[in-house]
Each structure stands twice: as C-alpha cells, then as structure tokens.
Amino acid sequence: MPDAPDGGPGPARAVYPGTFDPFTPGHVDVVDRSRRMFDHVTVLVAVNHGKRPSRTTAARATEIQRSLPADWANVSVAAWHGLTVDYCRHHGCRVIIRGVRNSADFPHEYELAAINETLGVTTLWLPARPELASMSSTAVRALRT
C-alpha cells in the first residue's frame with residue numbers, strides 16, 4: 001500500500017484523469033479495475049485546452065457520477081481546472097491511473113508519466129481489455145452524430 005502524503009502508512013488513493021467526452025465502456029472498465037486496487041479512486045474530469053468538449057466540465061462530471069454503480073462507494077467524481085499533479089498534492093493522491101488502448105497511445109502517455117514522476121506522482125498504466133481497445137471517445141462522438 002502506498003504511503004500517505006506525510007510519508008506514513010495511509011489509504012491508497014488514486015486519480016483517473018481525463019476529459020471523458022463521452023465516458024465510454026473502456027473508461028468504466030478502468031475505473032472498475034482501479035477501485036479494486038486502491039482504497040479510493042477519483043475520476044477527475046479535467047480541462048484539456050487541446051480538446052473542445054461537447055459539454056462543460058461540470059456537466060460531464062455529473063453525467064459520470066450518475067452512470068457509476070451506487071455500490072462503488074470508494075469511487076468519487078470531481079471536476080478540476082488545473083494540473084492533475086496539483087489535484088494529487090491537494091488531495092493526498094500518489095498515483096495517476098491511465099488507460100492505454102494500444103501502442104500508439106504509449107509515447108504520449110510515457111511523456112506525461114515522466115513529467116508527473118519528476119513532480120512526485122507515479123503513473124500506473126492499465127491496458128485496455130482487447131474487446132474495448134478500439135473504442136475511443138472520438139469514435140463514440142462520431143457515431144452519435
């Protein structure tokens with residue numbers, strides 16, 4: 001179990017950040033697997049200035065919260081408008097969860113993980129299940145229109 005923010009033993013907390021526009025079955029699967037590994041997981045609905053989400057951060061967070069099973073008591077959803085590492089520092093999270101669908105995702109995810117590690121937060125990559133690997137938020141949005 002990871003240490004608490006003060007260096008002593010404590011609850012293992014993780015953050016799963018993303019724009020989640022929309023929140024796909026692949027995202028749900030990552031949250032489900034993460035919640036089994038950590039005492040608490042926060043789905044962090046973030047702002048990415050390189051993307052143009054179809055809804056506000058708050059609206060996406062509300063939709064995600066409503067979509068999660070009620071018995072997932074160790075999962076929360078939060079909207080955040082800053083760096084994920086800053087959220088982690090403020091909330092005692094030592095691990096960032098990232099889903100990786102395929103080898104094309106890896107170079108970008110590796111860069112992010114290296115930066116976050118230098119800032120004191122470890123990244124844990126969870127590979128997508130094969131049946132979910134081809135599903136992206138972009139593809140789901142395209143199918144909806």
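## Getting started

In what follows, contact means heavy atoms within 4.5 Å. Keep in mind that you are looking at a predicted model. With that in hand, take helix α3, residues 84-91: this helix lies across β1 (13-18), β2, β3 and β4 (95-100). Its direction is at about 125 degrees to β3.

## The sheet

So what do those strands belong to? They are part of an open sheet of five strands, in the order β3-β2-β1-β4-β5, and the pairing is parallel. At the edges sit β3 (75-80) and β5 (122-127), each of which pairs on one side only. Ignoring direction, neighbouring strands of this sheet are turned by 30 degrees against each other on average.

As a bit of background, strands of a sheet pair through backbone hydrogen bonds, either parallel or antiparallel.

## The β3 side

Start with β2, which covers residues 40-46 and pairs with β3 in the parallel sense over six bridges. One spot to look for is Ala 46, whose bridge partner in β3 is Trp 80. Helix α2 (residues 57-67) packs on the sheet here and touches β2 and β3. The direction of α2 makes about 170 degrees with that of β3.

## The β5 side

Now go to β1 and β4, a parallel pair held over two bridges. Ala 14 has Val 95 of β4 as its bridge partner. Moving on, β4 and β5 run parallel and are joined by six bridges. Here Arg 98 is matched with Trp 125, its bridge partner in β5. To get from β4 to β5, the chain passes through helix α4 (residues 106-118), and this β-α-β crossover is right-handed.

## A closer look at α4

Helix α4 has 13 residues and reaches 18 Å from its first C-alpha to its last, close to the 18 Å expected at 1.5 Å a residue. Which residues of α4 are buried? They are Glu 109, Ala 113 and Asn 116. These buried residues are on the same side of α4 because they cover an arc of only 65 degrees around the axis. The spacing rule behind such patterns is simple: an α-helix has 3.6 residues a turn, so residues three or four places apart point the same way.

What covers the buried residues of α4? The cover includes α3, β4 and β5. Flip to the other side of α4 and you find Glu 111 and Thr 118, which are exposed. After α4 comes Gly 120, with a positive phi near 95 degrees.

Notes
Residues are numbered from 1 along each chain as its sequence is written. This is a predicted model: local features need pLDDT of at least 70, side-chain atom pairs count only at pLDDT 80 or more; totals for chains, interfaces and linings use all residues. Side-chain values use heavy atoms; hydrogens and water are left out. Two strands pair if DSSP finds at least two bridges between them. Helices (H or I, at least four residues) and strands (E, at least two) are DSSP runs, numbered from the N terminus. Axes are lines fitted to C-alpha atoms, for helices over the stretch in contact, and angles run from 0 to 180 degrees between N-to-C directions. A crossover is right-handed if, with the strands pointing away from the viewer, the path from the first strand over the helix to the second runs clockwise. The expected span of a helix is 1.5 Å times one less than its number of residues. Buried means under 20% relative accessible area, exposed over 50%, partly exposed in between (1.4 Å probe, protein chains only). The arc is that of the directions from the helix axis to the C-beta atoms.
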